[in-house]
Amino acid sequence: MRLILPLLPQKRSLFLLAFLLGWTSAQAQDFGWKATLSPVATQGWHRVLLPASVTGRLQAGLEDLRLYGTDGKEVPYLLQTEEPVQYRTLFKPYQILRYTRQPGGLSELLIHNPEQRSINNISLLIGNAEVRKTVALSGSDNQQDWYVLKEQDVLYAIKNEKQTAEVKLLDFPLSKYRYFRLQLNDSASAPLNILKAGYYDTYSEAGKYTRIPIQHFSRKDSTDKTTYLSLDFGQTVHPEQLVFYISAPQLYYREGKVILGERTDGSRRQRKRRRRNNTHLIFEPFTLHSNAPAQVNLPRQKVERLVIQLQNEDNPPLRIDSMQVLQLNRYAVAQLQPNKAYTLRFGDEDVEAPRYDLQFFQDSIPTNLPIVTVQQITLLKEQKPKSQGSKMLMWAVIGVVAIGLGYMTLRLLKDMDKKKKV
């Protein structure tokens, strides 16, 4: 089969190609929603808090989120997500009762442990020094009777390339003396500049969550000794934690499960078989008991409705005063300016994630940034599933554009040859 293209004037050909390229570009980004942001007071980095009404309409990895300024230009951003639990290390100092420096002799550092905590190390913050020191450590409860903990240790060169002080760790057998005495041999050099003595304590910090509004809630205490809770959200959301507020009984231990949705893996025949056998649903089991917070962590799954089943056995149903559904905070971090309006656009299943330079400079962005919130969400157009036919049409148009460009190139080359011959 031979393809015959109509001979169009060059200007008309360029216009047609520009139109087709514009059409395919418009098909590439087909956002269904727009959200306006609250005004920004200061210039600099901000964190745009993405509520459930935004993240629920995004792709699973938030690939279709875009940020625009008043001028319609795209603003680069960096995605950040709270961790469920964050572990932080904090330096906690001991009280230094005295530091007796004796150049050419034996210097002494006296440390107070008033709570008599059981410890097996002391961290010393020391000013940088190119020196080697021998030290000894002993402990006491009354500053009169001293007992050896470490007969001899060595502090090697204290050298920090980025700061003027370095932390040195001194290990010793576990003990809980009220006082610790560190003796340093300064016979060969001047004393060390010991700034602090203490220990590093690791503690956990819960991540920040945002509440997902529940549009409709229903409860049924069935005769099969099961309580059924139904939560409808009115749109797709990604719940990650359930919080129950239970007032009675005082002591309880209940097993339950959350129905998150239908499995999408496998062939159509397999899905029908699971549906007949009632095995097509995703269940998340959990246990509620009075000796722990009434919280349930969920795997991130896109749902519009949750059904919760609580097994009561022979006990009276739980008195649940209220419930909360939460998702971990997610932010779009960007540089914003005051007196400018910013909007988010989202809701396109086919668009790919943007590629910004910011991904290479995450460590350069400061922490504790001001929060910008979403004020209003507007529907741009109804999102309909894109059929296979529409995708084939788009590829056909791209093919026509490619053929047209090739034809124009050949025609221009022929015209150039004719001019050379003349």
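Which residues of the largest nonpolar core touch the most other members? In this predicted model, in which local features need pLDDT of at least 70, side-chain atom pairs count only at pLDDT 80 or more, and totals for chains, interfaces and linings use all residues, they are L242, F244, L306 and I308, out of the 25 residues in that core. Residues are numbered from 1 along each chain as its sequence is written, and side-chain values use heavy atoms, with hydrogens and water left out.

A nonpolar core is here a set of buried Ala, Val, Leu, Ile, Met, Phe, Trp, Tyr and Cys residues joined through side-chain atoms within 4.5 Å; buried stands for under 20% relative accessible area, exposed for over 50%, and partly exposed for values in between, with a 1.4 Å probe and protein chains only. The elements that give two or more residues to the largest core are β16 (226–237), β17, β18 (253–262), β19 (281–289), β21 (303–311) and β22. With contact defined as heavy atoms within 4.5 Å, and with residues up to four places away in sequence not counted, I308 touches T227, Y228, L229, L231, L242, F244, K257, V258, F286 and M323. A second, separate core has 23 residues, including I122, I126, L182 and L184.

The protein has four helices and 26 strands, taken as DSSP runs numbered from the N terminus (helices H or I, at least four residues; strands E, at least two). Two strands are considered paired if DSSP finds at least two bridges between them. One open sheet consists of four strands in the order β14-β22-β17-β20, with antiparallel pairing. Because β14 (209–211) and β20 (295–297) stand at its edges, each with a single partner strand, one side of each is left without a neighbour in the sheet. Neighbouring strands of this sheet are turned by 30 degrees against each other on average, direction ignored, where axes are lines fitted to C-alpha atoms (for helices over the stretch in contact) and angles run from 0 to 180 degrees between N-to-C directions. Within the sheet, β17 (residues 241–248) and β22 (residues 319–328) run antiparallel and are joined by seven bridges, and F244 stands opposite M323 in β22.

A further open sheet has five strands in the order β6-β7-β12-β9-β10, again with antiparallel pairing. Here β6 (95–100) and β10 (147–155) are the edge strands, each with a single partner, so one side of each lacks a neighbour in the sheet. Its neighbouring strands are turned by 20 degrees against each other on average, direction ignored. Seven bridges join the antiparallel strands β7 (residues 106–112) and β12 (residues 179–185), and S107 stands opposite L184 in β12.

The structure also holds seven aromatic pairs, in which the rings of Phe, Tyr and Trp (its six-membered ring) have centres within 6.5 Å, planes under 30 degrees apart counting as stacked, over 60 as edge-to-face and the rest as tilted. The rings of F91 and Y200 have their centres 5.1 Å apart and their planes at 65 degrees, so this pair is edge-to-face. The pair links distant parts of the chain, with F91 in strand β5 (residues 85–93) and Y200 in strand β13 (residues 194–206), 109 residues apart. F91 is partly exposed, with a relative accessible area of 23%, and Y200 is likewise partly exposed, at 42%. Elsewhere, ring pairs link Y147, F172, Y177 and F180 into a cluster.

Over the protein, buried residues make up 35% of the 422 residues.
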